[in-house]
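This briefing introduces one structure to a new reader. Its topics are aromatic pairs, the elements they link and the burial of their residues.

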Amino acid sequence: MKPSQNADDVWFYPFPDGKPYESKEDTLKYMEKQRRRPNVLTFAAIDKQTGKLAGVLALGCDPTQATLDVKIMGIKIFPEFRGKHVFTHACHLLLSYAFDELRVVRVGWRTPPENIRSQKAAEKLGLTPRELCGGCYEVSPPMPSSPYPHFKTVADGSNRVTEDGVVYSMTIHDWLGGKRDKL
């Protein structure tokens, strides 16, 4: 299933239950649930000219880790604002907040190997590809129509599902070494 150019497709994102949401209200309930998670900071991208919500993005961390790193997650730029620098500007602000305000030492990005668009987006931001990690991320069970073939059920009887990931990152040294100024 691919996102459409229809502005209504925003209400069908993301797919935590293995299927698209059927209403704006259901999506907003999910977004509020995510916003309340203690390990996720969710941000809204607002178009300065119109005041409209242009997208959402988040920073997340593993609450059990002792390191100062986060991952960029849940980026959704709405169709009306795609191709208009909203993604680049919003991510620059997110990276600035992570490195300059939160003072993290690393920002990560993970995407399925088949999601070339996401990989190009990470590289556009100056993140460096670090590794292809096979079956190393636990995920919700995939939709039957998922475009990603690499889901695997863990053979321990738990019914857990994992997926492969291409991992990108940027360190504080990269940021201060000039990547901040190139965005």
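The points below cover aromatic pairs first and then one helix.

This is a predicted model, in which local features need pLDDT of at least 70 and side-chain atom pairs count only at pLDDT 80 or more, while totals for chains, interfaces and linings use all residues. Residues are numbered from 1 along each chain as its sequence is written, and side-chain values use heavy atoms, with hydrogens and water left out.

**Aromatic pairs**
- Rings of Phe, Tyr and Trp (its six-membered ring) pair if their centres lie within 6.5 Å; planes under 30 degrees apart count as stacked, over 60 as edge-to-face and the rest as tilted.
- The count under this rule is three aromatic pairs.
- F87 and W109 form an edge-to-face pair, because their ring centres are 6.5 Å apart and their planes stand at 90°.
- This pair ties together parts 22 residues apart in sequence, because F87 lies in helix α2 (residues 86-101) and W109 in strand β4 (residues 106-111); helices (H or I, at least four residues) and strands (E, at least two) are DSSP runs, numbered from the N terminus.
- F99 and W175 are stacked, because their ring centres are 5.3 Å apart and their planes are at 25°.
- That pair links distant parts of the chain, with F99 in helix α2 and W175 in helix α4 (residues 172-182), 76 residues apart.

**Burial**
- Both F87 and W109 are buried, meaning under 20% relative accessible area (exposed is over 50%, partly exposed in between; 1.4 Å probe, protein chains only).
- F99 is buried at 2% relative accessibility, and W175 is buried at 1%.

**Helix α4**
- I172, W175 and G178 are buried in α4.
- The buried residues of α4 pack against α2 and β7 (161-171), where contact means heavy atoms within 4.5 Å.
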